[in-house]
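Q: Hi! Could you walk me through how some of the helices pack here, and then the main pocket?

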Amino acid sequence: MKLAMIGFGQAGGKIVDRFLDYDDRTNSGIVRAAIAVNSAKADLIGLDNIPQENRVLIGQARVKGHGVGADNELGAEVAEEDIDEVQNAIDSIPTHEVDAFLVVAGMGGGTGSGGAPVLAKHLKRIYTIPVYGLGILPGTDEGGIYTLNAARSFQTFVREVDNLLVFDNDSWRQTGESVEGGYEQINEEIVRRFGILFGAGEVGDGEEVAESVVDSSEIINTLSGGGVSTVGFASEEVDMNTSGGLLSRFTGDDGGDDDLDAANTTNRITSLVRKAALGRLTLPCEIEGTERALLVLSGPSEYLNRKGIERGRKWLEEETGSMEVRGGDYPRDEPEVAAAILLSGVTNVPRIKRLQQVAIEAQDNIDDIQQESEENLEELVEDDEDELEPLF
């Protein structure tokens, strides 16, 4: 799948930058074009892989390149005011070679949180290809203002895109981890999961074609219908250099027999699918009731067992209750077999309900504090009004 990726804000820019690095390392070819948009000049300078001409600074008249300070209403305003500057960068993208736009943003900050929905709405008005969002939820320990921003951004972003893929920082931060180290690890997880998913079906010269090809239309059909999506992932490392090779690690056979134990391989693939679906999702949710799903098995082609993939797909059908479960394989010359599962149209998401509730409480607290502050100031000034005359 060929994507035009636009990173909005600090988190969005860093993730798109990391996608370019992943593309280079794996030769997956999923990023057809990459753009970073920000109101903070320093964040744009800190990127490594996005070309300089594709780094767009917005809001200079309002914030002078210093960012919007977690004010996502201001972020939305500067995005609307400077949308033509963003469009100038998008005009250089050969959209006839692109399957979809992917707008990436952290939903807790200011620029990306406010600006990404504005850009998505703009793109959908102009282009006929799908516009997807990849939104990053802040951790609950990051503060009330970021939770409030995320809740407001989420409900706007999900309406403006064809589908919103969500990654929840809360589920991935590790205890005792530094903030910078934590985000580095999180960004790598995001890129790895979505990289395998969007990279499926891409075949280069001399590479093997999948038995059951997953192409861009399969992904587009899975994401059709809108709503919220999450991705599950599980992998098993394999040692392709030892005498037992992949067989010894993946099927448990320690001998040198070249013939794979088909039954064992099928069971191990099915087990991987279960781990991916029931393990740590990018957005934790109940998978029952999922509207559509896509299963991609990747790894060395000789170990991608068709029977195992079909059995995994049927199991996913039963667990989700969905009649739209697609599946296929993605041959890769990597020392691992991995299962990536896209669950689209999920609705039983406790994290989103909690986010909205905390945001409502934060909004009430902010209103109360503002009112109390005004009353205190009035009381402070009133004490002197009888004795002093104001200047004007």
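**Helix packing and the pocket**

A: Happy to. The axes of helix H11 (residues 262-278) and helix H12 (residues 306-320) come within 8 Å and cross at roughly 35 degrees. Axes are lines fitted to C-alpha atoms, for helices over the stretch in contact, with angles from 0 to 180 degrees between N-to-C directions. This is a predicted model, where local features need pLDDT of at least 70 and side-chain atom pairs count only at pLDDT 80 or more, while totals for chains, interfaces and linings use all residues. Residues are numbered from 1 along each chain as its sequence is written, and side-chain values use heavy atoms, leaving out hydrogens and water.

Q: Is the crossing of H11 and H12 left-handed or right-handed?

A: Right-handed, that is, the near helix is turned clockwise from the far one by less than a right angle.

Q: Which residues of H11 and H12 meet?

A: H11 brings residues including Thr-266, Ile-269, Val-273 and Arg-274, and H12 brings residues including Lys-307, Ile-309, Arg-311 and Trp-315. Contact means heavy atoms within 4.5 Å. By class, this H11 and H12 contact has 7 nonpolar, 5 polar and 3 charged residues. Ala, Val, Leu, Ile, Met, Phe, Trp, Tyr, Cys and Pro count as nonpolar, Asp, Glu, Lys and Arg as charged, and the others, Gly among them, as polar.

Q: OK, switching: at what angle do H6 and H7 pack?

A: About 5 degrees, with the axes of H6 and helix H7 (residues 144-160) 9 Å apart. H6 and H7 are therefore roughly parallel to each other, the word for angles under 35 degrees. Among the residues in contact are Ala-116 and Lys-121 of H6 and Ser-153 and Phe-157 of H7.

Q: And the pocket: how much space lies in the largest one?

A: About 710 Å³. A pocket is an open set of points on a 1 Å grid over the protein atoms alone where a 1.4 Å probe fits, with protein on both sides within 12 Å along at least five of seven lines; lining residues have an atom within 4 Å of a point. The volume is the space filled by probe spheres set on the points.

Q: Which lining residues are closest to its centre?

A: Of the 33 that line the largest pocket, Gln-10, Ala-11, Gly-106, Gly-109 and Tyr-183. The lining has 13 nonpolar, 15 polar and 5 charged residues.

Methods
Helix = DSSP H or I, 4+ residues; strand = E, 2+ residues; numbered from the N terminus. Parallel < 35°, antiparallel > 145°, perpendicular 65-115°, else oblique.
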